[in-house]
Amino acid sequence: MDPTSRAFIENAHAGLANPVLRRALGIAGTGFPARRSEAIARLPEFEALRDAGKAIKDHTIAHLDFYLELYEKNVAAAGGVVHWARDAAEARAAVLEICRSVDAKIVTKGKSMVAEEIALNDHLEKNGITPVETDLGEYIIQLRHEPPSHIIAPAIHLMKEQVTEAFRAAHTDLDPDRAITEAPQLCAEARAVLRPKFLAADVGITGANFLVAETGSSIIVTNEGNGDLTQTLPKVHIVVASLEKIVPTLEDAATLLRLLARSATGQEFSSYTTMSTGPRRKDDVDGPEQYHVVLVDNGRSAMIGGEFQEMLRCLRCAACLNHCPVYTAIGGHAYGWVYPGPMGAVLTPALIGVAEAGHLPNASSFCGRCESVCPVKIPLPKMMRHWRERQFAQRQVAPVYRSGLKLWAWVAQRPALYHALVEIKARLLGWLGARRGRFRTLPLAGGWTEQRDMPAPEGRSFHALWAERQRTCQRETGQ
Amino acid sequence: MSARDDIIGGIRSGLGRPALSEAAKGGLAARVAAHRRNLVPARAASLDAAGQVRLFVTMAQAVQTTVVRIASDREAPAEIARYLAAENLPAELRIAPDPALDELPWAERPLLTVRRGKAEAGDAVSLTPCLAAVAETGTLMLTSGEATPTTLNFLPDTHIVMLRASQVVASYEDGWDLLRTRGALPRTVNFITGPSRTGDIEQKIELGAHGPRRLHVILIDDAKTGRRK
Amino acid sequence: MAEPARVALLVTCLVDLFRPSIGLAAVKLLEAAGCTVDVPRAQTCCGQPAYNSGDKGDAKAIARQIVAAFAGYDYVVVPSGSCAGMVKLHYPELFADEPAMRERAEELAARTWELTAFLVDVRGMMAVAATCTQSATYHDSCSGLRELGVKAQPRRLLASVGGLSLKELPGAEICCGFGGTFAVKYPEISGKMASDKIADIAATGADCVLAGDLGCLLQIAGKLSRDGSRVEARHVAEVLAGMTETLPPIGAPRDSGRNG
């Protein structure tokens, strides 16, 4: 999808003003943290598992060349094919070629953020192939022609009224008077409408939560069963996954799986955690005849060895989104691309450039809640700060801020001057603000006062008062 | 240069080193071959066999799996007939083409229509065996194969699973070890924890999104016979 | 109580300009805890605004100044979790590539404490002599909470304040939206976060909201005032030092002098 991250402030404004979004995020913002917290309370080893998960990921990235080569060898041994894609264009081309090779008309899709990243659906449609999203949330937003707003709950920004509207508009061969206002009715309708699509699909495309080097397998973690129907029924199963999804062994996958569902939805384990290895076997009576893995780089290898390498540990659990006060205020669309919230603030500039995505790492109060809930302990605020350092060094910061900061820093390195100026400011603002105790407006402070009053200073600086106190003490002790 | 070479080269240059030495690769290969377990929670691992079975039942029921215990597999057709009637479901069943299931006394339930094979559109209820059950989270482990088509786990509205108590293991790691004893990996390994569900509409959980809305486990108490090797 | 200790107070730039009473309250509490308190004059700011804006050069220069100014004291105490966190966690990171300076920063970090954590965890203070017949609720400032583990200590001391009824704040650990320059660069988002915090505070029915960071308190008090709320805002040090009778709350008119 084309990024709109440059318009972050306008997008955030629209999000803040949207009453449907406010209600929807209100539900999500309380539910997810509570459920995660309960799940963790039931597992005493959770903290230790975070360290174990971090270690597995760090080890894998430090030896990623070895594990990718081992993975490919084992995919091939199981009868599958790995297609290496340096960028989005190569990934799209690889998927299209496979689809064309079997004359595919309909393609079912399980939820995949990297498929969004490479803008796969548009490309298939332009080439005469119909992609059908089957995850309920993805299906709803596909009908509404909008991007996902959350990496595991794509339609989280909607209330059920919007879903009803979308279904009435799209499912025109059903009785227009049918009752579909409640969630069970909407789910039943989606199930009924999508079932024939599953059965008719020529190709099924899924993402992967993990790729296991030891066995050449892909693992998907879902709840609906759509991913499984997508990858089992059609003749061809294509996995689209980025490089850093690799883990060394099945045991390593088990450790990370213990972290994933708990961090994402507060479940002990997802309803369906499925491992696939190659196409159907000789004696199988169902399953795909072909198994392909499109392995996508698209900027990941460039992150290795730099300040953002730790971001490659990300499990895409969305715990950081769910606990972020900025995300839960503005929603995912404000971030303008595929990956919102704190993980999006770090990853998006790495993938599409800081010129486009510059607002994202700046729109953070560094509260640190994201890092505290990350199952693999990614230091998200630190990496957002690294982006800010790059912007400052490259003079991408607005001149008024840059020069204001430089001036302030210059004075701050001269304590005598600084103290004198602070005392003047304290006296002036203290005097002006004494009667009311606060300012409704203040020159040069429009950014502050548009949203809140500015409390007035007490009228003296601490250093001035302290110096007076010291002089008084000295006089009293006769020094 | 191929895309593969470019990507691998990019990774190596990021890591600041060339390709690993044969010795280093050997070390990593040995690490993979050893597939050591990382920390396994004590929750199930600290229990004895009977405790693990009880834990499996508790965890499974917590995610809306229904569990019924019977003394021997001979009682399964009667239990299935009872279950379908109680759920107001038609007395029809698609069973996995597994010789062990074939041998059940279906003749005792002549009103139960039993078909065999992979799932077809329109099948309402399936019956499958499973490889193991993980007590830690109430999770069933099923594998694809000639006798166990994967579609039986997903297409029908109701999925019934036959599980012997001796198949209950503590952790996923125990499941991996079991899988490794059976030769080459199957196409599909399903870890199933409860029926299909979604929270995509206002975060309210609805069962039966695309997969089965009912998951029913028939647990055969073969504890007296001890764990099978 | 523990042995006498030489403490240097890191005032913080916000306390210095806006509310010196917090600094004086900190001194009073430290002296009650058996410390002698100095205020090195060669301090201006901890450098966090520059650091969080990506200006490492200026952040380092200001940090060097602090490291030098606070040498030689047994402890450095700060009435702010974010400034204490800057010194304790981020100074060593800032000088990661300068081994000599890094060592000095680590040495300083080991001696630096947020005020309430110092009083309780280092000086073993269990109670204060203050009274304050109000109900209050406490907001956990993010840096103090997540960087320094400040959570139980202020509550322990507040529990000993005579007449004070402390109500737990729902979402106490959720950011108030200050975040330094974030509050002025993204004012609408910051304002929304402030509104949510005010709503949580109102839900407790408390007369007064307390916190350990003046940045948070300026944000919260500014929003309370804009909304015309009667809820007061104070730094926890003011309450613990028994100053509430004579010191108007944050943002209140100074002429009246009495709190409501």
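User: With axes taken as lines fitted to C-alpha atoms, for helices over the stretch in contact, and angles running from 0 to 180 degrees between N-to-C directions, how is α3(A) oriented to α12(A)?

Analyst: This is a predicted model, in which local features need pLDDT of at least 70 and side-chain atom pairs pLDDT 80 or more, whereas totals for chains, interfaces and linings use all residues. Residues are numbered from 1 along each chain as its sequence is written, with chains lettered from A and ligands numbered from 1 in the order written. Helices α3 (residues 46-62) and α12 (residues 250-264) of chain A pack with axes 9 Å apart at about 130°, helices being DSSP runs of H or I of at least four residues and strands E runs of at least two, numbered from the N terminus. Since angles under 35 degrees count as roughly parallel, over 145 as roughly antiparallel and 65 to 115 as roughly perpendicular, α3(A) is therefore oblique to α12(A).

User: How many charged residues does the contact of α3(A) with α12(A) have?

Analyst: A:L49, A:R50, A:A52, A:G53 and A:I56 in α3(A) meet A:D252, A:T255, A:L256, A:R258 and A:L259 in α12(A), contact meaning backbone-placed C-beta atoms within 7 Å. With Asp, Glu, Lys and Arg counted as charged, the contact has five nonpolar residues, two polar and, as charged, three.

User: How many residues of chain C are in contact with chain A?

Analyst: On the side of chain A that touches chain C, elements supplying at least two residues each include α18 (380-393) and α20 (415-433). That side divides into 25 nonpolar, 13 polar and 12 charged residues. In total, 50 residues of chain A are in contact with residues of chain C numbering 61.

Methods:
Two residues are in contact if their C-beta atoms, placed from the backbone, lie within 7 Å.
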